[in-house]
Amino acid sequence: RGPEAVSATGSPTGAPATARAQSGQYLTTAQGLRVRDTDHSLKAGSRGPILLQDHHLREKITHFDHERIPERVVHARGAGAHGVFRSYGTAANITRAGFLAKDVETPVFVRFSTVLGSRGSADTVRDTRGFSTKFYTDEGTYDLVGNNIPVFFVQDGIKFPDIVHAAKPHPDREIPQAQSAHDTFWDFVSLHTEAQAHTMWNMSDRGIPRSYRTMEGFGVHTFRFINAEGRTTLVKFHWKPKQGVHSLVWEEAQIINGMDPDFHRRDLADAIEAGAYPEWELGVQTFPDTEDQMFEGIDLLDPTKFVPEELAPVQPIGVMTLNANPTNYFAETEQVAFHPGHLVPGIDVTNDPLLQVRLFSYLDTQISRLGGPNFGQIPINRPHAPVNDMLRDGMHQQAVHGGAAPYHPNSLDGGCPFLAGQDLGAFIDVPEEVAASIKERRNPASFDDHYSQVGLFYRSLSPVEQDHVIQAYTFELGKCYEKSIRERQLAALANVDAGLCAAVAKGLGLPAPQATEQVAESDPSPALSQVGKTWPVA
Ligand code: HEM
């Protein structure tokens with residue numbers, strides 16, 4: 001395809017063209033020098049040695065030597081697509097975000113991913129899936145960096161390196177590549193029991209989706225909407241696939257991994273190329289922004305908890321259609337940089353201690369992954385809103401900045417007046433009172449229950465789905481060499497559900513332990529069993 005076919009973001013929505021077609025009447029060096037022969041190096045005679053003065057050879061080989069960049073520390077394997085988000089306007093009374101006003105259309109880029117495997121790993125492993133969306137809004141870029149599972153392994157971001165080290169391949173042999181079947185993973189989740197919730201979702205059919213197109217997406221954390229009057233509402237984001245939610249069964253996943261490790265990547269690209277554009281509705285659960293930020297006994301700042309839909313229905317606020325494949329995998333899917341701190345006026349963060357650490361981590365990791373602080377200038381990462389920052393220089397700077405005074409205030413360049421009292425459409429942090437003693441390293445007591453919701457989710461599943469969960473725990477724990485770890489995980493399952501624990505214990509040939517914690521054996525939520533059913537479109 002020629003340059004005119006491709007925009008700066010690769011987006012079909014009309015950004016300026018920058019792609020290089022790499023075609024033409026003659027080949028050139030990177031400097032534009034016409035090349036006569038790129039098939040033979042310059043030698044002394046026809047049998048060599050090769051001469052150091054062969055500048056074309058050295059340019060070609062040196063560039064090749066540096067083609068690879070570090071893969072993401074997590075979510076290394078992914079597949080991306082362009083599309084458009086159309087807002088219904090139903091959230092306009094609770095957020096001033098311009099892209100959520102009625103009928104506004106916003107270009108998006110989405111990257112789906114597995115979490116644990118390396119860039120070249122297989123698609124249909126048992127794992128969490130990432131679901132990241134970059135909205136190129138008129139007010140700046142907004143990133144919703146979510147997963148296909150509504151809860152997370154750890155409550156405090158300081159534990160993120162621990163869960164990732166435990167779940168990644170063993171340090172000695174780098175085995176297994178990407179499935180939750182090893183001693184370190186089960187060691188951690190049975191010791192650090194707040195991880196039981198996410199683990200249960202992984203062991204359910206959610207851990208092996210049929211397709212990226214048939215996954216739900218969740219923002220996981222509670223965020224804050226702010227409306228034009230400054231009123232705040234707490235929200236949880238949900239993506240609901242119009243294709244419905246479908247999973248593989250374990251045997252299918254295993255066979256596909258062997259026969260077509262690119263199954264999910266191929267499925268997404270093929271569907272879009274064939275014009276079968278996948279769609280998701282975006283919805284929010286809303287909660288009053290009370291002082292304690294609790295809802296029906298659930299601490300909204302605890303990312304290991306979800307809020308059942310029967311208690312807070314998901315309200316549709318817009319629909320996303322993915323309608324174009326990337327032109328260049330590296331330029332777009334690999335170099336895209338999402339960040340939960342990419343916010344727009346009308347959407348703010350909360351004090352969820354996992355989210356707070358994420359706000360630090362993404363920019364930090366991208367500085368090393370993408371070679372310095374200027375990766376925001378890479379076409380896929382460029383905002384569609386005008387940029388007027390005072391950032392200068394740095395590795396890989398592409399801009400030729402004018403002006404003499406990159407500081408504020410200044411009296412030379414006109415600067416930015418920050419007109420007092422005027423609504424500039426700027427981002428305003430929501431003011432919050434914090435009355436606490438500083439220097440506390442502990443969680444609130446409302447984070448303590450690690451088991452009730454795990455059992456609630458398990459009991460909401462159909463008998464066939466429950467059977468899959470039993471088989472998954474039995475298979476994965478069966479891969480643990482250490483008997484003490486298997487026993488400790490069974491002890492955790494005893495606190496989740498006695499029947500589940502007994503069935504897994506039987507499969508492992510071990511005695512079923514008794515529960516050690518008093519947890520609510522509440523009825524399954526009818527709304528939970530609806531999770532994953534296709535929504536009626538508003
Ligand atoms: C990617 C850190 C929790 C979803 C990443 C990356 C890092 C990271 C360093 C690689 C980013 C890059 O190289 O561009 C963390 C930390 C967490 C955390 C420190 C906890 C404190 C979460 C949670 C979610 C999530 C709770 C889901 C709600 C993702 C996704 C990606 C990602 C989807 C892939 C983004 C892409 O496709 O490029 N995370 N993460 N992470 N994370 Fe997290």
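A residue is counted as near a molecule if its C-beta atom, placed from the backbone, lies within 6 Å of it. The exercises below apply to a predicted model.

**Exercise 1. Describe the shell of residues around the ligand.**

Solution. Step one is the count: 27 residues surround the ligand, and the closest are H75, R111, G130, G157 and V220. Step two assigns residues to elements: those giving two or more residues to the shell are strand 2 (105-114), strand 3 (129-137), strand 4 (140-147) and helix 8 (353-369). Helix 8 contributes the most, with eight residues. Step three sorts the shell by class, which yields 12 nonpolar, 11 polar and four charged residues.

**Exercise 2. Determine where V220 lies and whether V220 is buried or exposed. Then treat H396 in the same manner.**

Solution. V220, one of the residues closest to the ligand, sits in the loop between strand 5 (217-218) and strand 6 (223-226). Its phi is positive, about 70°, although V220 is not a glycine. A residue is buried if 20 or more other C-beta atoms lie within 10 Å of its own; V220 has 24 such atoms and is therefore buried.

H396 belongs to the loop between helix 8 and helix 9. Its phi is also positive, about 65°, and H396 is not a glycine either. The limit for an exposed residue is 12 or fewer C-beta neighbours; H396 has 12 inside 10 Å, so H396 counts as exposed.

**Exercise 3. Locate the cis peptide bonds that precede P49 and P409.**

Solution. The bond from G48 to P49 is cis, with omega near 10°, and P49 is placed in the segment before helix 1 (55-65). The bond from H408 to P409 is likewise cis, with omega near 0°. P409 lies in the loop between helix 8 and helix 9.

**Exercise 4. Characterise the surroundings of K236.**

Solution. K236 is part of strand 7 (residues 232-241). Within 10 Å there are 22 other C-beta atoms, so K236 is buried. Leaving aside residues up to four places away in sequence, K236 touches G219, T222, V284, Q285 and V307. For a separation along the chain, take F85: K236 and F85 are 151 residues apart, and their C-alpha atoms are separated by 18 Å.

**Exercise 5. Examine helix 10 and state which elements its buried residues pack against.**

Solution. Helix 10 covers residues 463-478, 16 residues in number. From first C-alpha to last it reaches 22 Å, close to the 22 Å expected at 1.5 Å a residue. Its buried residues are H468, V469, I470, A472, Y473, E476 and L477. They pack against helix 3 (183-191), helix 4 (196-203), helix 5 (250-259), helix 9 (452-460), helix 11 (483-496) and helix 12 (498-508).

**Exercise 6. Identify the central members of the largest nonpolar core by their contacts.**

Solution. This core holds 99 residues, of which L493, L500 and V504 touch the most other members. Helix 11 supplies the largest share, six residues. With residues up to four places away in sequence excluded, L493 touches L500, C501 and V504.

**Exercise 7. Judge the overall form of the protein chain.**

Solution. The chain contains 13 helices and 12 strands. Its radius of gyration is 26 Å, close to the 24 Å that the globule rule gives for 538 residues, so the chain is as compact as a globular protein of that length. Of the 538 residues, 41% count as buried. Along its principal axes the C-alpha trace spans about 80 × 70 × 50 Å.

Notes:
Residues are numbered from 1 along each chain as its sequence is written. This is a predicted model: local features need pLDDT of at least 70, side-chain atom pairs count only at pLDDT 80 or more; totals for chains, interfaces and linings use all residues. Helices (H or I, at least four residues) and strands (E, at least two) are DSSP runs, numbered from the N terminus. Ala, Val, Leu, Ile, Met, Phe, Trp, Tyr, Cys and Pro count as nonpolar, Asp, Glu, Lys and Arg as charged, and the others, Gly among them, as polar. The expected span of a helix is 1.5 Å times one less than its number of residues. Two residues are in contact if their C-beta atoms, placed from the backbone, lie within 7 Å. The radius of gyration is taken over C-alpha atoms; the globule rule is 2.2 Å times the number of residues to the power 0.38. A nonpolar core is a set of buried Ala, Val, Leu, Ile, Met, Phe, Trp, Tyr and Cys residues joined through C-beta atoms within 7 Å.
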